[in-house]
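Trainee: I've got a new model open and I don't know where to start. Can you show me how to read its features?

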Amino acid sequence: MENKKQLFVIAFALFSLFFGAGNLILPPQLGFKADHMWIWVTLGFTLSAVAIPILGILAHARLQGTLFDIAKGVSPTFSLVYCYLIYAISISLPSPRTASVTHEMAIVPIFETSPWLTSFVYFALVLLFVLNRSKILNLIGKFLTPGILLILLAIIVTAIMGFDFSFGESEFPNPFTHGILEGYQTFDAIGAVVVGGVIIISVNLKHKELDFDQKKQLIGRAGIYAGLGLFLVYAGLILTGALMADEFGKHISRTELLTGISLTTLGNAATLFLSVLVSLACFTTAVGIVTGTADFVKGRFNDSQRAYVFTAIIGCLLGVVMGQFNVGYIIAVALPALMFMYPVTIVLIFLNLLPKKWASKKVFQWVVAVTLVFSIPDFLGSVGLGGSLSHLTQWIPLSGFHMGWVLPALGAFCMVRLLEKGQM
């Protein structure tokens, strides 16, 4: 019984650390625009926002180290640069975005306060949780996640029971790939390698009696349960958006759509329930990001608690400043970083799950290098410079879907493996 309790607390904590601002506002609009193609969008979104992140947790369970261990197969220097980039992106974009979403959707409808006040109070509470890091699993897993799930369940079930299953035409020419790319915006693959380290350290602090294999099994199973919960919630929110495709104007924003759906399903109590839902979902993700960043810096400075506290304060101050921008702006700014770092993160997750004899140092180095090179066109395209390489990218398979790196990375893996087998 005690083991099951531990399992569900960690699974709930993982779900909550993943389920933040993007996870809440992206799926309904996907369904809203996908209409009758909502299933294909769901499958694409599930691939990038559920399957790959949970594989990241499984990789962490296998390594039981830090983010540095995820990338050190390439080289220690590369891993250090990769870690600093990931943590810099995480505390600069997705963490402040949670405060921005909270202000727009949870605070403004009730209180006419400035975004500065919202961000300050929000990140003061985040800092309080981060500084009590030994209690994070219990606080999030036992108390915050059930509240998130209950409100989400009320919205989804009411929509499914109250609307006819009649759909219109989809706005997406390629709904499956659009779902994959929209899943990038959740930051969950990057989130997996960040919060996975948080979970490892939290389990080590709370369950010192468990050996390596027991912790591996506990974290792995919790990851699978969290992934199942994420899939059901995403599918429900996408379907809810599709069912209400005729209820709102086609150019409605993500946050306005979620607010409208809540009012339609929950009635007069919607404003209060949505405020609680958004605040909890965003808050837990911000705690995970700042904690992960502080853990990393602490490890780089010989487990210095002072370095941990200093990093947590800097992360929260940065969140206050960046949290002043609106959600749409932060999402737009994040896209170039995602197009460059997301493919590398996905590749590192897969390589760390392979048997060691299949993932040698050369395999890591060549696959990551090729992935980086073939991610450049998508990065340039996201900043408006894609036209300069269009004569080259037209020859790269899947480049039209912003996934031109996939087959070259797979080819590099096969080539290095064949060369290594030949040398043996």
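Mentor: Let's begin with empty space: the largest pocket holds about 480 Å³. This is a predicted model, so local features need pLDDT of at least 70, side-chain atom pairs count only at pLDDT 80 or more, and totals for chains, interfaces and linings use all residues. Residues are numbered from 1 along each chain as its sequence is written, and side-chain values use heavy atoms, with hydrogens and water left out.

Trainee: What counts as a pocket, and what is its volume?

Mentor: Rolling a probe the size of a water molecule over the atoms shows where empty space is left. On a 1 Å grid over the protein atoms alone, a pocket is an open set of points with protein on both sides within 12 Å along at least five of seven lines, while a cavity is a set where a 1.4 Å probe fits but cannot get out; lining residues have an atom within 4 Å of a point. Grid points are joined across faces, edges and corners, and the volume is the space filled by probe spheres set on the points.

Trainee: Which residues are closest to the centre of the largest pocket?

Mentor: Look for Ile346, Val347, Phe350, Trp405 and Val406, out of 18 lining residues. Two or more lining residues come from each of α3 (38-63), α9 (175-184), α15 (327-353) and α18 (406-423). Those labels are DSSP runs numbered from the N terminus: helices are H or I with at least four residues, and strands are E with at least two.

Trainee: How does the lining of the largest pocket divide into nonpolar, polar and charged?

Mentor: Into 18 nonpolar, no polar and no charged residues. Here Ala, Val, Leu, Ile, Met, Phe, Trp, Tyr, Cys and Pro count as nonpolar, Asp, Glu, Lys and Arg as charged, and the others, Gly among them, as polar.

Trainee: And closed spaces? How many cavities of 30 Å³ or more are there?

Mentor: The search of the whole structure finds 2. The largest cavity has a volume of about 160 Å³. Its lining has 19 residues, with Thr186, Phe187, Gly191, Thr285 and Ile289 nearest the centre. At least two residues each come from α1 (2-18), α2 (21-34), α6, α10 (188-206) and α13, and α10 gives the most, with 5. By class, that lining has 9 nonpolar, 8 polar and 2 charged residues.

Trainee: What about the second largest cavity?

Mentor: The second largest cavity has a volume of about 70 Å³. Its lining includes Gly65, Tyr87, Val194, Asp295 and Phe296. Again α10 gives the most, with 5 residues, and this lining divides into 7 nonpolar, 4 polar and 1 charged.

Trainee: How do I read the way two helices pack?

Mentor: Fit lines to the C-alpha atoms, for helices over the stretch in contact; these are the axes, and angles run from 0 to 180 degrees between N-to-C directions. The axes of α6 (residues 94-107) and α13 come within 9 Å and cross at roughly 170°. So α6 and α13 are roughly antiparallel (under 35 degrees is roughly parallel, over 145 roughly antiparallel, 65 to 115 roughly perpendicular and the rest oblique).

Trainee: At what angle do α6 and α7 pack?

Mentor: About 120°, with the axes of α6 and α7 (residues 115-131) 10 Å apart. That makes α6 oblique to α7.

Trainee: Which hand do these crossings have?

Mentor: A crossing is left-handed if the near helix is turned anticlockwise from the far one by less than a right angle, and right-handed if clockwise. α6 passes α13 in a left-handed crossing, but α7 in a right-handed one.

Trainee: Last topic: how do I read phi?

Mentor: Most residues other than glycine have a negative phi. In this model, asparagine 302 has a positive phi of about 55°, and phi of aspartate 303 is near 55°. Asparagine 302 lies in the loop between α13 (270-300) and α14 (305-322), and aspartate 303 is in the loop between α13 and α14 too.

Trainee: Are asparagine 302 and aspartate 303 buried or exposed?

Mentor: Asparagine 302 is exposed, with a relative accessible area of 74%, and aspartate 303 is exposed at 57%. Buried means under 20% relative accessible area, exposed over 50% and partly exposed in between, using a 1.4 Å probe and protein chains only. For contrast, valine 130 in helix α7 is buried at 0%, and lysine 250 is partly exposed at 36%.
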